Amino acid sequence: MAKSSLLLKESWIERESLLRRKGFHVIAGVDEAGRGSLAGPVVAAAVILPLGCMMEGLNDSKKLSPARREALAVEIKRLALAWGIGIVSSQVIDRIGIVPSTFRAMSLAIDRLGDRPDYLIVDGNQKVPGYEGTQEALIDGDALAAPVAAASILAKVVRDGLMKRYSLFFPGYGFEQHKGYGTQAHRSAILEQGTCLLHRETFVHLRRPEGG
């Protein structure tokens, strides 16, 4: 097991044990993908893993190869007690802003779990507004809590898959490669072709390179 995965396992065993002693037995993690992208939706996932579940190689999605994320996503769906996905489009992001859109995606993902968990761990430093249950905002939660790491993987895999499919309808931008993030190749494509329906106009205008 990789060192980072081992650290996650040790951290989660201790945290889960403490939560169980406090009476929390259905623990969900929630995370998002695509928050900083120039194009495409923001996608959130919520996952409830069985108590004591720690899959081999589970880690923050950003530390995994695409192939490993895909394999783990299949395993997560197979082993999870429940999982849900929430998607908020670029048009909504432009209308209400990225932070409210991220929380809207998280709320949708949580709702799709079915039964409300006893305890929710949210990746980051902010709790989900309006959530009527016990929750904790955990910085680096995807590296410290197994359900959050699982949610980060599902969110990333779902969003990457969407961007690959969208690239067929909006060719020339390279969405299948950079997934909508602000790489030099993506910025050059925007300068050459203009924006498309997938782009977050507020992001592109705020982050347009000098001379663009």
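The following exercises, each with a worked solution, concern a predicted model.

**Exercise 1. Packing of helix 2 and helix 6**

Determine at what angle helix 2 and helix 6 pack, how their arrangement is classed, and which residues make the contact.

Solution.

Step 1. Helix 2 comprises residues 66–79 and helix 6 comprises residues 146–169. Their axes lie 9 Å apart and form an angle of about 120°.

Step 2. Angles of 65 to 115 degrees count as roughly perpendicular and those over 145 as roughly antiparallel. An angle of about 120° belongs to neither class, and helix 2 is therefore oblique to helix 6.

Step 3. The crossing of helix 2 with helix 6 is left-handed.

Step 4. On the side of helix 2, the contact is made by Arg69, Glu70, Leu72, Ala73, Ile76 and Lys77. Helix 6 contributes Ala150, Ile153, Leu154, Lys156, Val157 and Asp160.

Step 5. Sorted by class, this contact between helix 2 and helix 6 holds seven nonpolar and five charged residues, and no polar ones.

**Exercise 2. The surroundings of Ser152**

Establish whether Ser152 is buried or exposed, and which residues it touches beyond four places in sequence.

Solution.

Step 1. Ser152 is part of helix 6.

Step 2. Its relative accessibility is 1%. Since buried means under 20%, Ser152 is classed as buried.

Step 3. Not counting residues up to four places away in sequence, Ser152 touches Asp31, Asn59, Asp60, Ser61 and Asp142.

Step 4. For Ser61 a polar contact can be specified: the side chain of Ser152 reaches the backbone nitrogen of Ser61 at 3.3 Å.

Step 5. A further distance places Ser152 relative to Gly141: the two are 11 residues apart in sequence, and their C-alpha atoms are 9.4 Å apart.

**Exercise 3. A second serine of helix 6**

State whether Ser167 is buried or exposed, and with which residues it is in contact outside its sequence neighbourhood.

Solution.

Step 1. Ser167 is found in helix 6.

Step 2. With a relative accessible area of 9%, Ser167 falls under the 20% limit and so counts as buried.

Step 3. When neighbours within four places in sequence are left aside, Ser167 is in contact with Phe175 and Glu176.

**Exercise 4. The side chain of Thr102**

Find which backbone oxygen lies 2.8 Å from a polar atom of the side chain of Thr102, and describe the setting of this residue.

Solution.

Step 1. Thr102 belongs to helix 4, which spans residues 98–111.

Step 2. The relative accessible area of Thr102 is 1%, and the residue is buried.

Step 3. The backbone oxygen in question is that of Ile98.

Step 4. Beyond four places in sequence, Thr102 touches Glu32, Arg35 and Val42.

**Exercise 5. Positive phi outside glycine**

Identify where Asp140 and Lys179 lie, and give the phi value of each.

Solution.

Step 1. Asp140 is not a glycine, yet its phi is positive, at about 60°. Its place is the loop between strand 5 (135–138) and helix 5 (141–144).

Step 2. Lys179, also a residue other than glycine, has a positive phi near 60°. The loop that holds Lys179 runs between helix 7 (175–178) and helix 8 (184–193).

Step 3. For Lys179 the relative accessible area is 12%; the residue is buried because this value is under 20%.

**Exercise 6. Two residues of one loop**

Assign Pro50 and Leu58 to the classes buried, partly exposed or exposed, and relate each to a residue elsewhere in the sequence.

Solution.

Step 1. Pro50 is located in the loop between strand 2 (42–48) and helix 2. Leu58 likewise lies in the loop between strand 2 and helix 2.

Step 2. Pro50 has a relative accessible area of 26%, between the limits of 20% and 50%, and is therefore partly exposed. Leu58, at 0%, is buried.

Step 3. Pro50 and His25 are separated by 25 residues in sequence and by 9.0 Å from C-alpha to C-alpha. Leu58 and Phe103 are 45 residues apart in sequence, and their C-alpha atoms are 24 Å apart.

Step 4. The contacts of Pro50, not counting residues up to four places away in sequence, are with Glu16, Leu79, Ala80 and Leu81.

Technical notes:
Residues are numbered from 1 along each chain as its sequence is written. This is a predicted model: local features need pLDDT of at least 70, side-chain atom pairs count only at pLDDT 80 or more; totals for chains, interfaces and linings use all residues. Side-chain values use heavy atoms; hydrogens and water are left out. Helices (H or I, at least four residues) and strands (E, at least two) are DSSP runs, numbered from the N terminus. Buried means under 20% relative accessible area, exposed over 50%, partly exposed in between (1.4 Å probe, protein chains only). A polar contact is a pair of N or O atoms within 3.5 Å; within protein, one must be able to donate a hydrogen and the other to accept it, and residues adjacent in sequence count only if both atoms are side-chain atoms. Contact means heavy atoms within 4.5 Å. Axes are lines fitted to C-alpha atoms, for helices over the stretch in contact, and angles run from 0 to 180 degrees between N-to-C directions. Angles under 35 degrees count as roughly parallel, over 145 as roughly antiparallel, 65 to 115 as roughly perpendicular and the rest as oblique. A crossing is left-handed if the near helix is turned anticlockwise from the far one by less than a right angle, and right-handed if clockwise. Ala, Val, Leu, Ile, Met, Phe, Trp, Tyr, Cys and Pro count as nonpolar, Asp, Glu, Lys and Arg as charged, and the others, Gly among them, as polar.
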